[in-house]
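Let's take a walk through this structure, from its core out to its pockets. Have the viewer open and follow along.

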Amino acid sequence: MSVELNHTIVHSRDNRESADFLAHILGLTVGTEWGPFIPLVLANGVTLDFATIPAESITVQHYAFLISEAEFDTAFERIEAQGIDFYADPHKKHPGEINHNDGGRGVYFPDPSGHGMELITRPYGGWS
């Protein structure tokens, strides 16, 4: 049996705000609300199910998205246009920069609930 990630729940202060935020950055369409979840389906079929929980209960997570160079250009333009802080590294030591790891480009930025979002155009370490 092959194993695939099907979905994961993303805790958010406001599930609609967080789903809309990421959908806008990535150029995706938010799915239909289902119970307490607002889904965002990725190209590989994995769904991020955004759920509203109390802000003090949110444990900050990291979500990395592998995208094309053209998608990176568009997403990065949206990040800059919205005035979102961005970094070349997850520790925020290089603000206002992108990285060029493994011959690609990458950027880190926070979502409305404080999760660390990452966009990369090449998998790290040559993994595919």
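Contact here means heavy atoms within 4.5 Å. Keep in mind that this is a predicted model. With that cut-off, start at phenylalanine 65: leaving aside residues up to four places away in sequence, Phe65 touches Leu22, Leu26, Leu42, Leu48, Met117, Glu118, Leu119 and Ile120.

Now zoom out to the core. The largest nonpolar core has 26 residues, and Phe65 is among those with the most contacts inside it, along with Ile25, Phe109 and Leu119. Two or more residues come from each of helix 1 (15-26), strand 2 (37-41), strand 3 (47-52), strand 4 (62-66), helix 2 (69-81), strand 5 and strand 6. Helix 1 gives the most, with six residues.

Next, look at the hairpin that strand 5 and strand 6 form, with five residues between them. In its turn, glycine 114 has a positive phi of about 95 degrees. The pairing is antiparallel and runs over five bridges, with glycine 106 partnered by isoleucine 120 in strand 6. Strand 5 (residues 106-110) is mostly covered, as four of its five residues are buried.

On to the pockets. The largest has a volume of about 600 Å³, and Phe65 turns up again: Leu42, Asn44, Ala64, Phe65 and Leu66 are the closest to its centre, out of 21 lining residues. Helix 1, strand 4 and helix 2 each give two or more residues to that lining, which divides into 16 nonpolar, three polar and two charged residues.

The second largest pocket holds about 160 Å³ of space. Its lining has 13 residues, with Pro90, Lys92, His115, Gly116 and Met117 nearest the centre. Here the hairpin comes back: strand 5 supplies the largest share of this lining, three residues.

Key
Residues are numbered from 1 along each chain as its sequence is written. This is a predicted model: local features need pLDDT of at least 70, side-chain atom pairs count only at pLDDT 80 or more; totals for chains, interfaces and linings use all residues. Side-chain values use heavy atoms; hydrogens and water are left out. Buried means under 20% relative accessible area, exposed over 50%, partly exposed in between (1.4 Å probe, protein chains only). Two strands pair if DSSP finds at least two bridges between them. A nonpolar core is a set of buried Ala, Val, Leu, Ile, Met, Phe, Trp, Tyr and Cys residues joined through side-chain atoms within 4.5 Å. On a 1 Å grid over the protein atoms alone, a cavity is a set of points where a 1.4 Å probe fits but cannot get out, and a pocket is an open set with protein on both sides within 12 Å along at least five of seven lines; lining residues have an atom within 4 Å of a point. Grid points are joined across faces, edges and corners, and a volume is the space filled by probe spheres set on the points. Ala, Val, Leu, Ile, Met, Phe, Trp, Tyr, Cys and Pro count as nonpolar, Asp, Glu, Lys and Arg as charged, and the others, Gly among them, as polar.
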